[in-house]
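I wanted a quick look through this one before filing it. These are my notes, in the order I worked.

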Amino acid sequence: MKTALTFLFIFINVIGAFSQKDSLNLGDRYAEDQIYVAVSYAQFLHQPQEIFKSNFSYGLSIGVLKDLILNKQGNVSIAAGVGYGFDFFNHKLKVEEINNTSVFSSDATISANLFKSHNVELPLELRWRTSTATKYSFWRIYAGIKFLYNFSNKFQFDDVNGNTFKYKGVSNYNKLQYGLTLSTGYDEFNINLYYGLTPVFKNSTINGQVINTKILKFGLIFYLL
């Protein structure tokens, strides 16, 4: 985690050093190199039938995006970036790691059933906006795909006797995930959506039923450059 954050800090400073907005005139080609910060409400989708809907859960993301202009007007581009993401789920699926094997079950007696993950994010976007080289408040629609590499995950729950069980690095957790993204809005304030296309768990079942749990997140994303 420390290495990932160090790399992100260096990348942010490089982006800032090469920023050229202030030297551009109207009509010049320009790039919207940006730092992004996203705060999202999160839910597990397609849970097994015996698992009820998750309680309040959230996600946080921060990173940088590098813009590549595709037209003369400068309002269409593609952008690629790197970032860090944290997900916190208060969920109902009981997850254990026993003898290097992931075990899934439904248990109504457990409480404080939590899941935390830390991910490297690699977003790729196709962008349209109404900005110009000297107009910094504008409408935008950014659609794309985001790849996630998980470098830390922890599942934790309390049993009926108040004992706490923690499992780190669950073997059936899908470390490489990806999903569709959409950001739209005006100026710094934008609505953001992430819909996971890959299951959270790989090769996993509960009572003979395949676990096809995916992640949905929606909230606000802020562009700071």
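**Loop asparagines**

N207 comes out at 72% relative accessibility, so I put it down as exposed. I found N207 in the loop between β11 (205-206) and β12 (209-210). Its phi is positive, about 55 degrees, and N207 is no glycine. I should say here that this is a predicted model.

N99 goes on the page as well. N99 sits in the loop between β4 (94-98) and β5 (101-105) and has a positive phi of about 50 degrees, again without being a glycine. Buried or exposed, I asked of N99? N99 is exposed, at 71% relative accessible area. I flagged the phi values because most residues other than glycine have a negative phi.

**Overall layout**

I stepped back to the whole chain. I count 1 helix and 13 strands, and reading along the sequence the helix comes before the strands. Of the 225 residues, 47% are buried. For contacts with a separation of 6 or more, 70% are between residues 24 or more positions apart. The accessible surface comes to about 11600 Å², and carbon and sulfur atoms hold 62% of that.

**Strand pairing around β1**

Which strands does β1 pair with? I got β2 (residues 58-69), antiparallel, over 8 bridges, and β13 (residues 214-223), also antiparallel, over 10 bridges. β1 itself covers residues 34-45. For landmarks I noted V37 opposite I62 in β2, and L45 with K214 as its bridge partner in β13.

**Salt bridges**

How many salt bridges does the structure hold? I have 6 in total, and I looked up three pairs.

R127 and D67 form one, with the closest N and O atoms 3.1 Å apart. R127 is in strand β6 and D67 in strand β2, so I logged this pair as a link between distant parts of the chain, 60 residues apart. R127 is buried at 1% relative accessibility, and D67 is buried too, at 6%.

D87 and K217 meet in another, at 3.0 Å from N to O. This pair spans 130 residues, from D87 in strand β3 (residues 76-90) to K217 in strand β13. I checked both ends: D87 is buried at 3% relative accessibility, and K217 is buried at 8%.

D107 and K94 make the third pair I looked up, with the closest N and O atoms 3.3 Å apart. Here D107 is in the loop between β5 and β6 and K94 is in strand β4, 13 residues apart. D107 has 22% relative accessibility, so I wrote it down as partly exposed, whereas K94 is buried at 13%. I also noted one network, in which salt bridges with shared partners join D67, E125, R127 and R129.

**Nonpolar cores**

Next I went inside. The largest nonpolar core has 21 residues, and those touching the most other members are L93, V95, F104, F155, Y173 and F201. β1 and β7 are the elements giving two or more residues to this core, and the largest share, 3 residues, comes from β7.

I followed L93 outwards. Setting aside neighbours within four places in sequence, L93 contacts Q47, I51, F104, S105, N113, F201 and I206. Apart from this core there is another, of 8 residues, including F138, Y142, I221 and Y223.

**Around L126**

I picked L126, in strand β6 (residues 111-129), for a closer look. Which residues does L126 touch, leaving out those up to four places away in sequence? I listed L70, S77, I78, I141, Y142 and A143. The C-alpha atoms of L126 and A143 are 5.5 Å apart, with their positions 17 residues apart along the chain.

**Nonpolar patch on the surface**

Last, the outside. I found a nonpolar surface patch of about 630 Å², made by L122, F147, Y149, L176, Y178, L180 and L197. The elements giving two or more residues to the patch are β7 (139-158) and β9 (176-186). β9 has the largest share, 3 residues. I checked L176, which is in strand β9. At 53% relative accessible area, L176 is exposed.

Definitions and conventions:
Residues are numbered from 1 along each chain as its sequence is written. This is a predicted model: local features need pLDDT of at least 70, side-chain atom pairs count only at pLDDT 80 or more; totals for chains, interfaces and linings use all residues. Side-chain values use heavy atoms; hydrogens and water are left out. Patches are made of residues with over 30% relative accessible area and no salt bridge: like charges are joined within 9 Å, nonpolar side chains (Val, Leu, Ile, Met, Phe, Trp, Tyr) within 5 Å. Accessible areas come from the Shrake-Rupley method with a 1.4 Å probe; for residues, only the protein chains shown count as cover. A salt bridge is a side-chain nitrogen of Lys or Arg within 4 Å of a carboxyl oxygen of Asp or Glu. Helices (H or I, at least four residues) and strands (E, at least two) are DSSP runs, numbered from the N terminus. Buried means under 20% relative accessible area, exposed over 50%, partly exposed in between (1.4 Å probe, protein chains only). Two strands pair if DSSP finds at least two bridges between them. Contact means heavy atoms within 4.5 Å. A nonpolar core is a set of buried Ala, Val, Leu, Ile, Met, Phe, Trp, Tyr and Cys residues joined through side-chain atoms within 4.5 Å.
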